[in-house]
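Student: I'd like to go through this model and ask what the labels rest on.
Tutor: Sure, ask away once it's on screen.

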Amino acid sequence: MTRLSASTIANAPAGVRLPDYDRSQVTAGIVHLGIGAFHRAHMAVYVDDLLKDNPDWAIVGASLRRPDTKEALEPQDGLYTVAIRDAEGTHPRVIGSILKVLDANTEREELLALMASPAIRIVSLTVTEKGYCHDPATGELDQRHPDVVHDLANPTAPKSAPGMLVEALARRKAAGIAPFAVMSCDNLPSNGETVQRIVTKFASLRDAALGEYVAGVAFPGTMVDRIVPSTTDADRATVAGLIGAEDAWPIMTEPFTQWVIEDHFPQGRPPFEKAGAQLVGDVEPFERMKLRMLNGSHSTMAYLGYLAGYEYISDVMGDTDFVKLIHGLMTEEAMPTLDMPGVDLGAYRDQLLDRFRNPALKHRTWQIAMDGSQKLPQRLLGTIRERLKAGQGFERLGLGVAAWMRYVTGIDEKGENIDVRDPLAMRMMAIAADAGGDAEALYEGLAGLVEVFGTDLADNQAFGETVATALDELFELGVKETVRGVVESH
Ligand code: CS2
């Protein structure tokens, strides 16, 4: 079978949506760091919708960690398929908005030169929570992070996202070129402010004047939302059958997509609103709603669901006790902490439950369970802090935290190993080994991780009682009985 490329795309069967612009006539206006599956299902699709009338806003992507995306897309001239899955089937669309992918490890100079060029007016990022080299509990730059240590010692040859951004901005400053806007599209709380704080701190550690310059750069915040399961070989075979060509890395996703963006782009931006994005003055309420309702539910289902033996989120949604737990978590514990005038939070909740149920989306609990130490602060702990401050209960949220603690022991309920992927995995599994199956000891050890829990929660009696009790029940009764008990007690 032929490979998807600029020369074979014309042979795509009727019904396959193709770019509606001449790719030879578009030029890059955006560099995107972290050219992963989510970006390719989300922002790259919005940009693809706009290039016909805005041809100088195409994307050059960069991988900071691994060359696999570059290796997949280069032979395809940057083309790839977004396959939208719903109850009616799989609907393929070929996306052309990514002109090129650079490997930051082997093409660093080319990447930095491009980022420093006047044509690039936005640098966007999806480097995942751990890609910012920050302390998840405080949102501050982690100056001990090995990549930060490296980049401060080798500022013109950075590895990290903060290091890359600051070096490119330093070159623009030296050349008298106005700075690009930095747009984080990651699930961080107040991602614009958080990334500005991290990057400005990094710059000031290099040079005080550079720190002042970076402090004046635009860091618009965003809320991003689209569910994107990892691509499997079966997905590749499905897409090949649909488009009549081999696509090394198609992206499977859902019909739903949402993008809320703070409108702060001094060097201009494409009309994202014409592709369906919402431009707002303050994105934070939208971020908080999504992180607490969608992502808090996702993480709770990921840990409880994996331990209960459910491979996919749609399987978890097939268990009525789990559905009641998540419905209650959103309705009784998360929604009361949100202030969203004009937004029907009940309808938002019900839409989320429908999205979670989508049987065509094979979204693995194991995939969502990754990097929990970087995710829990904004998905569960922030909500719990507000419930504590209001003197209100958080039993379901606390069960989510306890399930994470149970999960990171690395041993499931059958005594089999769990492949725990997390920057703190080794430390957490050492804590679990020292605890030797004692729930109280495990709770004390993990709650002592200040990067995750800060210094307040570990000393909070109500937090400790709620989470340690849930953890003990998970060990004593197992996940399904514990979930049933919580559901029946409300
Ligand atoms: C998921 C998110 O993997 C995860 O942690 O919770 O990627 C989630 O699918 C997206 O935030 C949905 O917009």
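Student: Which helix is E440 found in?
Tutor: E440 sits in helix α18; a helix here is a DSSP run of H or I with at least four residues, numbered from the N terminus. Bear in mind that this is a predicted model, where local features need pLDDT of at least 70 and side-chain atom pairs count only at pLDDT 80 or more. Residues are numbered from 1 along each chain, and side-chain values use heavy atoms, leaving out hydrogens and water.

Student: Why is E440 called partly exposed?
Tutor: Its relative accessible area is 43%. Buried means under 20%, exposed over 50%, and partly exposed in between (1.4 Å probe, protein chains only), so E440 is partly exposed.

Student: What makes the negative patch, and which residues gather there?
Tutor: D438, E440, E444, D472 and E476 gather on the surface. Patch residues have over 30% relative accessible area and no salt bridge (Lys or Arg side-chain nitrogen within 4 Å of an Asp or Glu carboxyl oxygen), with like charges joined within 9 Å. At 43%, E440 therefore clears the area cut-off.

Student: Why is the Y310 and F322 pair called edge-to-face?
Tutor: Ring centres must lie within 6.5 Å, and planes over 60 degrees apart count as edge-to-face. Y310 and F322 are 5.6 Å centre to centre with 85 degrees between the planes, so the label fits.

Student: How do you know whether F322 is buried or exposed?
Tutor: F322 has 2% relative accessibility, so it counts as buried. Y310, at 17%, counts as buried too.

Methods
Patches are made of residues with over 30% relative accessible area and no salt bridge: like charges are joined within 9 Å, nonpolar side chains (Val, Leu, Ile, Met, Phe, Trp, Tyr) within 5 Å. Accessible areas come from the Shrake-Rupley method with a 1.4 Å probe; for residues, only the protein chains shown count as cover. Lys and Arg count as positive and Asp and Glu as negative; His and the chain ends are not counted. The place of a charge is taken as NZ of Lys, CZ of Arg, CG of Asp or CD of Glu. Helices (H or I, at least four residues) and strands (E, at least two) are DSSP runs, numbered from the N terminus. Rings of Phe, Tyr and Trp (its six-membered ring) pair if their centres lie within 6.5 Å; planes under 30 degrees apart count as stacked, over 60 as edge-to-face and the rest as tilted.
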